[in-house]
Amino acid sequence: MTSDRDEILQAVSSAVLAVTRHLSVREVLQVIVRSAQRLLDARYAALGVPDEDGSFAEFVAEGLTDKQWDAIGPLPRQHGMLGAMLRDGAPARLPDLRKDPRFEWWPKAHPVMKDFLGVPIRDGDQVLGIIFLANKRTPGGFTQDDQELLTLFAAHAAIALANARLYERGRELAMLEERNRVARELHDAVTQKLFSLRLTAQAAGAMLDKAPDKAAVEIERVQRLAGEALAELRAVIVELRPAELDRHGLSETLRKHVRMLDRLHPSLVTFECAELPPLDSAVEVAVLRVAQEALHNALRHSGATRVTVRLWCEADRLALTVHDDGNGFEQAESRGLGLVSMRDRAESVGGVMTVDSVPGQGTTVRVEVGL
């Protein structure tokens, strides 16, 4: 009996650890569902997070194909058994869901579900969501032990879900702070330059007929101010944290960028990524910018037929490589390729960038950053 209990606790521990490695709420929900499905050997598993309008803000499921989802139609509303569980906040274990008086109906394409086990995911008195399983693969349906196990798992999953919500909120606040910083920089630098530019242009226009020589001097000043304003605006934009990082994280943002480049260029551009731990915001920005610059160089200057981007963790370091099979170059010929700014970005987060390039043998840019 002790051995069985240890095995169950180990399974719960493994499942919860799988959850806590993910930080976006959507990822956490998906891993909770997959873990619960494996833990209790269920054919179907789903988790719904209610909104304030009688529907679900999030609803994820396992056991259904994309084609089945499309046929089923819109997400369920808070009716029937799901609505009852939200209102009562109590577990439900049924031998046949369809025979329970709280059951109402399914869409026509919905799979038939018989034995049913559902428990709330709670944070104190608040019900964060409902996780439910259907059609246990082992004959006999769900047992009291299954209910206790899922309840235990839900209690741990609630911590991971609350943590993910706090993390996303923190990222939102960080993004807001970044926008405020950019607004300040625009006001302090670019806006003042543009104001001076406008006054100088007006002065040049007034002098054009009566003092063309003085007007020419003012026009030269206009050109200089315009160049300075453009340079400062570019600097602000480059430092701006991409919104995609806050929504999707580094790996998915870079994956989408590579996919776009692969469509736009004749070269084959591929992306490989292992699972990543939580990353510091500044590290994400620096690594993304280095990858983008290295990709730009490979696709515009190298003549490569294939470019490969890899992102992974080894020991306590995050590693990025961008490799192309292009022309390569001598280190003395590397001016204009942005290597200095790329290296500065890596070093700004405590990282190291190396470039390995041989004429005729391609180029590899590698960045390593401690975690």
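**Group meeting: a mixed sheet and its side-chain contacts**

Leu225 lies in helix H6, which spans residues 212-239; helices here are DSSP runs of H or I with at least four residues, strands are runs of E with at least two, and both are numbered from the N terminus. Leu225 is buried, at a relative accessible area of 5%, where buried means under 20%, exposed means over 50%, and partly exposed covers what falls in between, with a 1.4 Å probe and protein chains only. Between the C-alpha atoms of Leu225 and Thr200, which are 25 residues apart along the chain, the separation is 9.1 Å.

Before I continue, a word on the basis of these values. The model is a predicted one, in which local features need pLDDT of at least 70 and side-chain atom pairs count only at pLDDT 80 or more, while totals for chains, interfaces and linings use all residues. Residues are numbered from 1 along each chain as its sequence is written, and side-chain values use heavy atoms, with hydrogens and water left out.

I turn now to the sheet. In what order do the 5 strands of the open sheet stand? The order is S6-S7-S8-S10-S9, and the pairing is mixed; two strands count as paired if DSSP finds at least two bridges between them. S6 and S9 stand at the edges with a single partner strand each, so one side of each is left without a neighbour in the sheet. On average, neighbouring strands of this sheet are turned by 10° against each other, direction ignored; the axes are lines fitted to C-alpha atoms, for helices over the stretch in contact, and angles run from 0 to 180 degrees between N-to-C directions.

Consider the S6 edge. Strand S6, residues 268-273, runs parallel to strand S7, residues 306-314, and 6 bridges join them. In general, strands of a sheet pair through backbone hydrogen bonds, either parallel or antiparallel. Within this pairing, Thr270 stands opposite Thr308 in S7, and Phe271 stands opposite Val309 in S7. Together with helix H8, residues 281-301, S6 and S7 make a β-α-β unit that is left-handed. For reference, a crossover is right-handed if, with the strands pointing away from the viewer, the path from the first strand over the helix to the second runs clockwise.

Helix H8 also contains Glu284, which counts as buried at 5% relative accessibility. A polar atom of the Glu284 side chain lies 3.4 Å from the backbone nitrogen of Leu250. A polar contact here is a pair of N or O atoms within 3.5 Å; within protein, one must be able to donate a hydrogen and the other to accept it, and residues adjacent in sequence count only if both atoms are side-chain atoms.

At the other edge, strand S9, residues 352-357, includes Ser357. Is Ser357 buried or exposed? Ser357 is buried, with a relative accessible area of 11%. Its side chain reaches the backbone nitrogen of Phe329 at 2.9 Å, and the Ser357 side chain also makes a polar contact with that of Thr363, at 2.7 Å.

Next, the charged pairs. How many salt bridges does a search of the whole structure find? The search finds 10, a salt bridge being a side-chain nitrogen of Lys or Arg within 4 Å of a carboxyl oxygen of Asp or Glu. One of them joins the side chains of Arg34 and Glu62 at 3.4 Å, N to O. Arg34 lies in helix H2, residues 25-39, and Glu62 in strand S2, residues 56-62, so the pair ties together parts that are 28 residues apart in sequence. Arg34 is partly exposed at 34%, as is Glu62 at 23%.

A salt bridge also spans S6 and S7: the side chains of Glu272 and Arg310 meet at 3.3 Å, N to O. This pair links distant parts of the chain, with Glu272 in S6 and Arg310 in S7, 38 residues apart. Glu272 is partly exposed at 39%, and Arg310 is partly exposed at 35%.

Glu368 and Arg366 meet through their side chains at 2.7 Å, N to O, and Arg366 is partly exposed at 24%. Both belong to a network of salt bridges that links Glu314, Arg317, Arg366 and Glu368.

Finally, the cysteines. The disulfide count is 0, with a disulfide taken as a pair of cysteine sulfur atoms within 2.5 Å. Cys273 is in no disulfide, and the nearest cysteine sulfur, that of Cys313, is 8.3 Å away. Cys273 is partly exposed at 27% relative accessibility, and Cys313 is partly exposed at 26%.
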